[in-house]
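Visitor: Could you pick one part of this model and take me through it slowly? I am new to protein structures, so please explain the terms as you go.

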Amino acid sequence: MTHDEALVLVTTLIGRIRQVSPAHFTADEDLVDALGFDSLDVAELLAALHRETGRQLDLASLERMRTVRDIAAGLEAR
């Protein structure tokens, strides 16, 4: 998976979870501060990423990933 593919996937899933168009946020926005993510949203995102890609990101590593771009890079590295 390329970085661009990962970025599109993460953006799409976050938009679906928050029920907003991906056009309403950027890849550099903080998930918690800008998008209002809580632990339930994070768990939902992890499950969706796993379903879509078969790749597992653990919760501990996701805590260091604060932006959409961070998560896409982590997904790409897996």
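**A close look at helix α2**

Guide: Let's begin at an end: just after α2, G54 takes a positive phi of about 80 degrees. Before we go further, please keep in mind that this is a predicted model, in which local features need pLDDT of at least 70, side-chain atom pairs count only at pLDDT 80 or more, and totals for chains, interfaces and linings use all residues. Residues are numbered from 1 along each chain as its sequence is written, and side-chain values use heavy atoms, with hydrogens and water left out.

The pLDDT is the predictor's confidence in each residue, from 0 to 100. Its mean over the chain is 88, and 100% of the residues reach 70 or more. Confidence is highest in α1, at a mean of 93, and lowest in α3, at 74.

Now to the helix. Helices here are DSSP runs (H or I, at least four residues), numbered from the N terminus. Helix α2 covers residues 39-53, 15 residues in total, and spans 21 Å from its first C-alpha to its last, close to the 21 Å expected at 1.5 Å a residue. That expected span is 1.5 Å times one less than the number of residues. At the start of α2, a side-chain oxygen of D38 comes to within 3.1 Å of the backbone nitrogen of L40. This is a polar contact: a pair of N or O atoms within 3.5 Å, where within protein one must be able to donate a hydrogen and the other to accept it, and residues adjacent in sequence count only if both atoms are side-chain atoms.

Which residues of α2 are buried? They are D41, V42, L45, L46, A48 and L49. Buried means under 20% relative accessible area, exposed over 50%, and partly exposed in between (1.4 Å probe, protein chains only). These buried residues cover an arc of only 165 degrees around the axis, which puts them on the same side of α2. The arc is taken from the directions from the helix axis to the C-beta atoms. On the other side of α2, S39, L40 and R51 are exposed.

What lies over the buried side? The cover includes α1 (3-18), α3 (59-64) and α4 (68-77). One link to α1 is I17, which lies in that helix and counts as buried because its relative accessibility is 12%. Leaving out residues up to four places away in sequence, I17 touches F37, D41, E44 and L45, where contact means heavy atoms within 4.5 Å. Farther along α2, L49 is in contact with L9, V10, L13, G54, R55, L57, I71 and L75, again leaving aside neighbours within four places.

α4 shows a similar layout. Its buried residues are V68, I71, A72, G74 and L75. Seen down the axis of α4, they fall within an arc of 160 degrees, so they line one face of the helix. What covers them includes α1, α2 and α3.

Finally, the helices meet in a nonpolar core, a set of buried Ala, Val, Leu, Ile, Met, Phe, Trp, Tyr and Cys residues joined through side-chain atoms within 4.5 Å. The largest one has 24 residues, and L45 and L49 are among those with the most contacts inside it. α1, α2 and α4 each supply at least two residues of this core, and α1 gives the most, with 7 residues.
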